[in-house]
Amino acid sequence: MSTDNRIATQMNIEYAKAKMPADLPRAERIVVEENIKKLLKEHNAVLVAHYYVDPFIQDLALATGGCVGDSLEMARFGQAHSAQTLVVAGVRFMGESAKILSMEKTVLMPDLEAECSLDLGCPADEFSAFCDAHPERTVVVYANTSAAVKARADWVVTSSVGIDIIRHLHNNGEKIIWGPDRHLGKYIAKETDADMLLWQGSCLVHNEFKATELLQLKEEHPNAKVLVHPESPDSVVALADVVGSTSKLLQSTYEMDADTFIVATDLGILHEMQKRSPNKRFLAAPTAGESASCKSCAFCPWMAMNGLKGIEQCLTNQSGEVLMTPDLAVAAKKPLQRMLDFAESQKQRVVASGDIVKDRELFANVGAA
């Protein structure tokens with residue numbers, strides 16, 4: 001990432017923090033939630049939310065027949081749902097992904113200025129020039145990118161299916177350009193032994209986890225299992241009992257025989273983890289990075305820009321619409337569809353034995369981001 005892009009990203013971080021909505025008093029929150037339920041019905045709309053947004057938004061999405069999930073789960077759900085309007089509570093690339101897969105639908109967001117550090121750190125023009133300098137390489141980009149970057153790629157991948165796709169390309173003798181997250185790229189390269197040229201981006205949240213502090217927390221809780229998202233530095237990944245996508249980490253909490261977990265990803269996921277396993281204990285992994293103002297403050301300020309009032313307003317005013325030209329949508333959908341087709345083919349190749357426990361690992365890497 002260039003110096004100018006780093007400065008711009010830092011400015012956007014400060015702006016996002018300034019725009020985070022205040023908590024609503026309980027009585028006002030209930031009124032707003034009831035109005036959102038009414039508006040969803042009136043506009044033939046459905047609410048799809050990411051695991052990292054406000055817990056009240058997550059619960060409202062589920063209560064109204066919507067979806068809480070990763071970015072790909074959100075887009076798939078929106079594509080399959082009969083609603084004509086999708087309200088996406090997340091960050092901008094998630095709204096774009098929903099639009100790419102559902103061009104015939106209206107896609108609204110509470111705040112179109114909710115960005116992503118990976119997206120901001122990978123401008124389409126700079127990334128395209130990077131790719132042009134290495135025309136012999138296959139371009140693979142992470143889902144956390146703009147539609148314009150996806151349109152420049154040969155493949156789009158998620159953290160759950162990325163290893164399988166890179167291994168497939170490596171076995172076919174292909175050399176890779178990977179963007180934008182360098183930590184995830186390094187992790188996948190190590191797992192697959194693929195020749196990968198990495199764009200030097202990183203996630204604002206996951207880049208701040210620190211191995212030294214994590215070791216100290218492990219010593220305080222020696223029986224705890226450590227769950228780490230692969231966007232984290234490799235020194236943190238090395239301490240993990242489970243490394244994987246948000247969905248895989250969530251799944252591990254109710255499948256593993258442990259009662260305490262240290263979780264190295266955005267704090268927003270702890271809400272769903274606690275709901276699914278109310279008798280277990282979840283500890284946020286320490287960040288204590290240069291930009292941290294607390295010992296463990298792993299949260300995305302852009303995700304925090306999503307508020308109930310914002311959802312109410314975008315439905316009331318039909319504002320915050322995600323717009324995209326047909327040409328861009330078609331170009332961006334090609335590498336995204338290639339990933340979906342690959343994931344489906346992997347499922348079809350797997351032959352189950354009928355033993356659920358034995359077969360679980362067969363399907364661990366096929367799914368959402």
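The protein chain holds 17 helices and 12 strands. The model is predicted. Of its 369 residues, 54% count as buried. The chain exposes about 16,000 Å², and carbon and sulfur atoms supply 50% of that area. Among contacts between residues at least 6 apart in sequence, 64% join residues at least 24 apart.

**Parallel sheet**

- One open sheet has four strands in the order S10-S9-S11-S12, with parallel pairing.
- Its edge strands are S10 (242–243) and S12 (281–284), each of which pairs on one side only.
- Strands of a sheet pair through backbone hydrogen bonds, either parallel or antiparallel.
- Here S9 (residues 225–228) and S11 (residues 260–264) run in the parallel sense and share four bridges.
- Val226 has Ile262 of S11 as its bridge partner.

**Largest cavity**

- Rolling a probe the size of a water molecule over the atoms shows where empty space is left.
- The count of cavities of 30 Å³ or more comes to two.
- The largest cavity has a volume of about 270 Å³.
- Its lining takes in 26 residues, and those nearest the centre are Tyr52, Met94, Asn144, Glu231 and Met303.
- Helix H5 (92–101) and helix H6 (117–120) are the elements that give two or more residues to this lining.
- By class, the lining of the largest cavity has 14 nonpolar, eight polar and four charged residues.

**Second largest cavity**

- The second largest cavity holds about 60 Å³ of space.
- Ser71, Leu72, Ala75, Ser97, Ala143, Lys150, Val156 and Leu336 line the second largest cavity.
- Helix H4 (residues 71–80) gives the most to that lining, with three residues.
- Five of the lining residues of the second largest cavity are nonpolar, two are polar and one is charged.

**Second largest pocket**

- The second largest pocket offers about 450 Å³ of space.
- It is lined by 22 residues, and the closest to its centre are Asp23, Asp54, Pro55, Ala304 and Asn306.
- Two or more lining residues come from each of helix H3 (55–63) and helix H15 (308–317).
- The lining of this pocket divides into 14 nonpolar, three polar and five charged residues.

**Phe77 in helix H4**

- Phe77 is found in helix H4, the helix that gives three residues to the lining of the second largest cavity.
- Phe77 counts as partly exposed because its relative accessibility is 23%, while buried means under 20%.
- Leaving aside residues up to four places away in sequence, Phe77 touches Val46, Val48, Gly65, Gly66 and Cys67.
- The C-alpha atoms of Phe77 and Ala98 are separated by 8.8 Å, although the two residues are 21 apart along the chain.

**Helix H9 and its end**

- Helix H9 spans residues 162–171, and its buried residues are Gly162, Ile163, Asp164, Ile165, Ile166 and Leu169.
- An α-helix has 3.6 residues a turn, so residues three or four places apart point the same way.
- Gly173, just after H9, takes a positive phi of about 80°.

**Backbone features in loops**

- Gly179 and Pro180 are joined by a cis peptide bond, with omega about -5°.
- Pro180 lies in the loop between strand S7 (176–179) and helix H10 (182–192).
- Asp193 lies in the loop between H10 and strand S8 (196–198).
- Phi of Asp193 is near 65°, a positive value in a residue other than glycine.
- Asp193 counts as exposed because its relative accessibility is 62%, and the exposed class starts over 50%.
- Asn44 also has a positive phi, about 50°, although it is not a glycine.
- Asn44 is found in the loop between helix H2 (26–42) and strand S1 (45–50).
- Asn44 has 41% relative accessibility, so Asn44 counts as partly exposed.

Technical notes. Residues are numbered from 1 along each chain as its sequence is written. This is a predicted model: local features need pLDDT of at least 70, side-chain atom pairs count only at pLDDT 80 or more; totals for chains, interfaces and linings use all residues. Side-chain values use heavy atoms; hydrogens and water are left out. Buried means under 20% relative accessible area, exposed over 50%, partly exposed in between (1.4 Å probe, protein chains only). Contact means heavy atoms within 4.5 Å. Accessible areas come from the Shrake-Rupley method with a 1.4 Å probe; for residues, only the protein chains shown count as cover. On a 1 Å grid over the protein atoms alone, a cavity is a set of points where a 1.4 Å probe fits but cannot get out, and a pocket is an open set with protein on both sides within 12 Å along at least five of seven lines; lining residues have an atom within 4 Å of a point. Grid points are joined across faces, edges and corners, and a volume is the space filled by probe spheres set on the points. Ala, Val, Leu, Ile, Met, Phe, Trp, Tyr, Cys and Pro count as nonpolar, Asp, Glu, Lys and Arg as charged, and the others, Gly among them, as polar. Two strands pair if DSSP finds at least two bridges between them.
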